[in-house]
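Please open the model in your viewer and keep the selection panel at hand. The tour below proceeds from one selection to the next and states what is found at each stop.

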Amino acid sequence: MKRINNSVVALSFFMGITAIHAQDKKQLTLDEAVQLGIQNSKNLKIDAAKIEEATADLLEAKNRQLPELKVSGSYMYLPIKPTIDLKLSGNSGAGAGGPDVHQVAYGSVNLSVPIYNGGRIKYGIQSAKYLVEASKLSTENDKIAIAYNVAQAYNNLFKANQSIKVLEENLTASQKRDETFLKLENNGVIARNDRLKANLQTSNIELQLLEAKNNYNIANINMDLLLGIPETTEIEVDQNYIDEGADVKAVDYYVNEAKENRKDLQALAQQRKAAELGSKSAKAENLPSIAFTGGYVAADVPKVLTLYNAVNVGVGISYNLSNIWKKNSSLGQAQAREKQLAATDELLNDNIKLDVNREYQNTDYSKKRIAVYEKAAEQANENYRITKNKYDNGLATMTELLDADAAQIASNVGVINAKADAALAYRKLLQTTGTLTIK
């Protein structure tokens, strides 16, 4: 009975492990992978915090146009009798004969409503709005970059997986050929040296397969981390990925698309608007500030003074006279910021043209590579077929046969990699134009 129980436990444990490994597999299309990457991106979490910070700055700027209402009050106990001399008409009190005062209480309410301050509040609010928009556009630009990074990792995983499949098929064929050659050797049809050459070819394929699996495991872990899922998850890629793409248009089309859709260019434009308003706000520091003021005061000094309903209203003007002889450093900083952003805009436009032209050439090159690799694969497959017939008829050596087989493997893997690289190159082109779609 104990043996049976042990067998049941062992079987249950094995089934549990199998179930765990089965749960670790996850089939993802490229679009699903991109969504996961964006959803779990740590960079986008940082961007979200920056948007919150910019929004808080906007709220602070808006608060400056609202009235300021301050309430203050105080109560004081006087342990030593103070000297009180009230200068009132027809009455004078000396310290010695004055009232006995031991406490004082007073309170006040002050209201200030800004009327005019040179436009600093208005400029500050509008500038803060531009910076909030710039933060949002920067986030959109980062999303597009993440979408491409995920596609690149997905592409590496796809290529590694396809290489494994091709190598496994060739390894199976090579092992069957080894079995055939062993029988031929035993029957004295071929020499032992020829059979060993075939075995060496099989070993080489096994080494290539090990390397391909190692690359696949590394690519899979990288993909897991990029998507924010457990690194033990085995991702199954979509076989239709390499069929994505479209006809490439003229390069001028993509340059214009980039000028219209690049989020980093749009974000920079918002920053330049904010900097321009910053210069206007700095100039306004040399202007006076005008505010409506109001207040209420109450005080109680027992046996001396009771004051209630002391309401006051008026207009307050504030002007810093030191601005007459001090240079406006804030204006200099704001203007330097404008020049810096203008130069950055010119540099970014040049880089966009360079990026689009480079990726356009890479896309065109990648598509042409497919045709070359497909032609090479047809030639390699035909060469292997002819060499195999020659070998079977004693007209080709074992070395020629194995070389033809190796060339066939390399060309077939090359076709797959070329198609995957072309699909990725097209996505890179879309990224540089800011039109890479995120579904």
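**A guided tour of the predicted model**

Begin by selecting residues 150–213, which the UniProt annotation, from an unreviewed entry, labels "coiled-coil region". The model in view is predicted. Across residues 150–213 the chain is 92% helix and 0% strand. The C-alpha atoms at the two ends of this stretch lie 20 Å apart.

**The whole chain**

Now display the entire chain. Its secondary structure amounts to nine helices and eight strands. The chain is more spread out than a compact globule, because its radius of gyration is 40 Å, well over the 22 Å given by the globule rule for 439 residues. Along the principal axes, the C-alpha atoms fill a box of roughly 145 × 80 × 30 Å.

Next, show the surface. The accessible surface of the chain is about 26500 Å², and carbon and sulfur atoms account for 54% of that area. Of the 439 residues, 35% are buried. If contacts are displayed, consider those between residues at least 6 apart in sequence: 82% of them join residues at least 24 apart. Colouring by charge brings up 52 positive and 52 negative charges, whose mean positions are 5 Å apart.

**Helix α4: Ala 160**

Select Ala 160, which is placed in helix α4. Is this residue buried or exposed? Ala 160 counts as buried, with a relative accessibility of 9%. Apart from neighbours within four places in sequence, Ala 160 has contacts with Ala 212, Asn 215 and Tyr 216. Then add Thr 83 to the selection and draw a distance: the C-alpha atoms of Ala 160 and Thr 83 are separated by 95 Å, with these positions 77 residues apart along the chain.

**Helix α5: Asn 220 and Ile 221**

Move to helix α5, residues 192–227, and select Asn 220 within this helix. Asn 220 is buried, its relative accessible area being 6%. Which residues does Asn 220 contact, once neighbours within four places in sequence are left aside? They are Leu 157, Thr 233, Glu 234 and Ile 235.

Select Ile 221, also a residue of helix α5. At 41% relative accessibility, Ile 221 counts as partly exposed, whereas Asn 220 is buried. From Ile 221, draw a distance to Leu 402, 181 residues apart from it along the chain: the two C-alpha atoms are separated by 35 Å.

**Helix α2 and its cover**

Select helix α2, residues 30–39, and show its side chains. The buried residues of this helix are Leu 30, Ala 33, Val 34, Leu 36, Gly 37 and Ile 38. To see what covers them, add strand β1 (25–28) and helices α3 (42–63), α4 (120–186), α5 and α9 (398–433), which are included in that cover.

**Strand β8: Asn 309**

For the final stop, select strand β8, residues 305–318, and locate Asn 309 in it. Most residues other than glycine have a negative phi. Asn 309 is not a glycine, yet its phi is positive, at about 55°. Asn 309 counts as exposed, with a relative accessibility of 62%.

Notes:
Residues numbered from 1 in each chain as written. Predicted model: local features only at pLDDT ≥ 70, side-chain atom pairs only at ≥ 80, totals over all residues. Heavy atoms only, no water. Helix = DSSP H or I, 4+ residues; strand = E, 2+ residues; numbered from the N terminus. Rg over C-alpha atoms; globule rule 2.2 N^0.38 Å. Buried < 20%, exposed > 50% of the residue type's maximum accessible area, 1.4 Å probe, protein only. Contact = heavy atoms within 4.5 Å. Areas by Shrake-Rupley, 256 points an atom, 1.4 Å probe, with all protein chains shown as cover. Lys, Arg positive; Asp, Glu negative; His and termini not counted. Charge placed at Lys NZ, Arg CZ, Asp CG, Glu CD. UniProt positions renumbered as here; feature names shortened; annotations may be inferred.
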